[in-house]
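Hi everyone, thanks for having me. Today I'd like to walk you through one structure, starting with its inner spaces and ending with a sheet.

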Amino acid sequence: MLCLDSWNSNDWSYLGEGNANIVLKYLGTNDRLIGKVLRVRKEESFQLQNAEFSQQFLKRIVARLLGHDVIVHYEVVQVTYEFLNAMMCSIQRPAYRLEKTVNFNSTAALILKDVTQPLTIELKPKWGFKPHSQFIKHLKLKEKHCRFCMHSHFRHLNIGDYCPLDLYSANPSKVKRAIRALLTYPDLKKTLKMSMDSMTMDDIEYVLGEILVRDSILKRLQTLQKKLDRLDVEGIMPLYNKYQPYKSDIAIWEKIVDNYLSGTDGDLQRLYEYVLSMTFKDCSLLINMKKVEKSESKAIKMGEYYIEYDIKVIDVDVKNIDKIPYWFKLDQLVQKGQKRSTPVVLYRAPEKLYKLIDFKLPDQGINIEDLFELVQLTLDYSVNPWNPRFLDKLYAGTNPIGVLSELLLSVLNTNAHVYQVSPVLTLMEVEVTRAVGQLLDMGKNAGGLFCPGGSASNLLAMTTARNRLFPSIKTEGYYPYLSDYGKLKVYTSLHSHYSIDKAAQILGLGLNNVVKIPVDNTGKMIAEELEKYILKTIEEGDSPFFINATAGTTVLGAFDPIQSISEIAKRYRCWLHIDGSFGGSTVFSENAKGMLNGSAHVDTFTLNPHKLLGVPLQCSMLLTPHENLFTTSNGLNADYLFHGNPYDLGAGTLGCGRRPDSVKMFLAWKFYGKEGFGKRMDRALRLANQFTDMVRERPNFVLVCDPSPFLQICFWFVPPTLANQKKSLSLVTRELHKRVIESGKFLVDHSPLEGVPDFFRVVVNSPTVRLHADLQELLDVIEQTSESVDWSQLL
């Protein structure tokens, strides 16, 4: 038997790895090893007897069931501690795999033929069926969603519309849809791996689709998975508890295969068959291809040449029967995470909450058990924004990185007003605001500040604009009737956020001096109307001062035409601010950033990562292209705190103490990257478009705005009996909304707009919300709720 020692370690290069094994390619000169790869077990100790068992299991069990034509046979080799240690020191592995390493106490590994080619795809097809068993407690759930899709949802993976059942379907359009998703979503990178540099993505989609439709391998796997798993893990778990302990030698497994092929049944037989099924549910296909001009073997015609292919099945090791309890527990957790019966909120009116929870503040403290009970009650009766059916507001639940960042802030409990007490977090704020400002094309001097919410950012923007354009007001006060500037006018769209009015009120400008500019039928400010109102202001002897354009209005999600508005602002020397609290995050999407065209010409820009990027509340930034804008415009001579350090960011704000919210955005960007943010945005936009189509095509539902401008889908439900009574729609909407909210199944909002009845507003934001499981279900619930209402009595 060949033995690999430390002197052999440099002859091997890293090829890849899965959850259980690392695979190395031989680069040396030993004739016996040329063209071979080495498979080294991770974590679990792998001894000679284990290796010999694996070899026999493949040859006498797997090949017998699946076919010898698709099997790559092993050769057992000895390995030393020195070899394993030297080998691990010399190879480069992906960062996400480093949490597991080899077991240095192993004495054996497996050598097999390197069947990879320049054109190679490794595909992990996973489960190819939905289980059906009398032992399944929630059968409808498992009949509705496949195991892979449920598990992906449980792990909060973004897999788009991918489902492995499409791969197994043999339907060309479904197979190609699945392949397209595999090529699109990074969270599926472990499912599909490629070495295909000489082929385009379209070519890969076509060729792989043709192979999977024509070849019998997926049908073979699907048949074995289904026939060997007749009870589901819910039916297997009682048998495991009844018959343990278990043996696992080749003779037993051969008997199990004999019984399976002859149709012999029994409890122990089904138990072992289930373990076999798990092997075939977790194997991989290695699809090797090469281009040829002519072909007499399995090949796909592609233009002027053929693609010959060969498929091998790898990773077909026997599973440990004692993993059944783990599989059962995971199955239960996945089902629990999938259930949409978990309410978004256990809604209770205030008077009932006062009875359920003790809100009185005591003179003496309570014990820890009572405190934990209070925490539990708080969780029980609070809204759960992590639930994908939270479709009410412009934010959704956060993510593990968000929770981690909040813990970090609580542990540090620091203040971001001066660099001296918050050095690291200050630099995070500097770098995040600079980076986002540059994404908005604000130039090399871009920067900004974090504020406690979008309203605070908008207030700081208007205050800064006033102090910069009219510095005398900062020192002497605002005297519109005794000065040459007259009244300062603020311009904002009819659909803008009320924080603009609030800011004008706080600054003493007066609500009557906030000019509401008309919008078009999609909710966008009409730029020509803006210019008319500015000219009117000038004719009246007052000063056009501050223009607020909105990127993503609260109700419809409209984006004002920033480019056109910026030209008007420049012409009349107005300060141009963009309230991009909601829609500003589109800057991270290459597909959607065009919605912010003109951002290079603005003076200030509000952007809230806590709305669309999954960053915890509150997290808002005010950005600007003007260097040192906030400190020079808003700073005071507070020398007892600010000592002239340009990194004392608090000097440019309206307050003193500042929570270092930038760390939340900084850590999220580090972990997910700009591309991760962009993909989240793209998924939300795609889902919003699909839901808009669904509402449009559904009887009795009417879109308020078609197409939906952004991520808010607004619609009416018109009960069939009220089809000719459109004046009653506001009452219908409010009544249906009230009943849906009280059910706890969904949390959505209803909104008014001038001149139209109240309507439902659904915000598609959560990264786990799904088109059919959630959004279609919402329409069903609204429809079913309407059927339970006697509208003739209510109206």
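Let's begin with a word we need: a cavity is a set of grid points where a 1.4 Å probe fits but cannot get out, and its lining residues have an atom within 4 Å of a point. Please keep in mind that this is a predicted model.

So, how many cavities of 30 Å³ or more are there? The count comes to 3. The largest cavity has a volume of about 80 Å³. Around that cavity you'll find Trp127, Pro131, Lys142, Arg147, Met150, Asp232, Val233, Tyr274, Met278, Trp327 and Asp331. Two or more of the lining residues come from each of the helices α4 (147-154), α9 (232-243), α11 (267-281) and α12 (324-338). And what kinds of residues make up this lining? There are 7 nonpolar and 4 charged residues, with no polar ones.

Now please scroll along to the sheet. Here 4 strands form an open, antiparallel sheet, in the order β19-β20-β22-β21. Why does one side of β19 (701-703) and of β21 (749-753) lack a neighbour in the sheet? Each stands at an edge with a single partner strand, so one side is left free of a neighbour there. On average, neighbouring strands are turned by 45° against each other, direction ignored.

Let's zoom in on one pair. Strands β20 (residues 712-717) and β22 (residues 756-763) are antiparallel and joined by 4 bridges; in one of the pairings, Cys714 has Arg761 of β22 as its bridge partner.

Finally, the helices. Helix α24 (residues 662-697) lies across β19, β20 and β22, at about 10° to β20. Helix α26 (residues 771-787) also packs on the sheet, touching β19, β20 and β22, and its direction makes about 25° with that of β20.

Technical notes: Residues numbered from 1 in each chain as written. Predicted model: local features only at pLDDT ≥ 70, side-chain atom pairs only at ≥ 80, totals over all residues. Heavy atoms only, no water. 1 Å grid on protein atoms, 1.4 Å probe; cavity = no way out; pocket = protein on both sides within 12 Å on 5 of 7 lines; lining within 4 Å. Points joined across faces, edges and corners; volume = space filled by probe spheres on them. Nonpolar A, V, L, I, M, F, W, Y, C, P; charged D, E, K, R; others polar. Pairing = 2+ DSSP bridges. Axes fitted to C-alpha atoms, helices over the stretch in contact; angles between N-to-C directions. Contact = heavy atoms within 4.5 Å.
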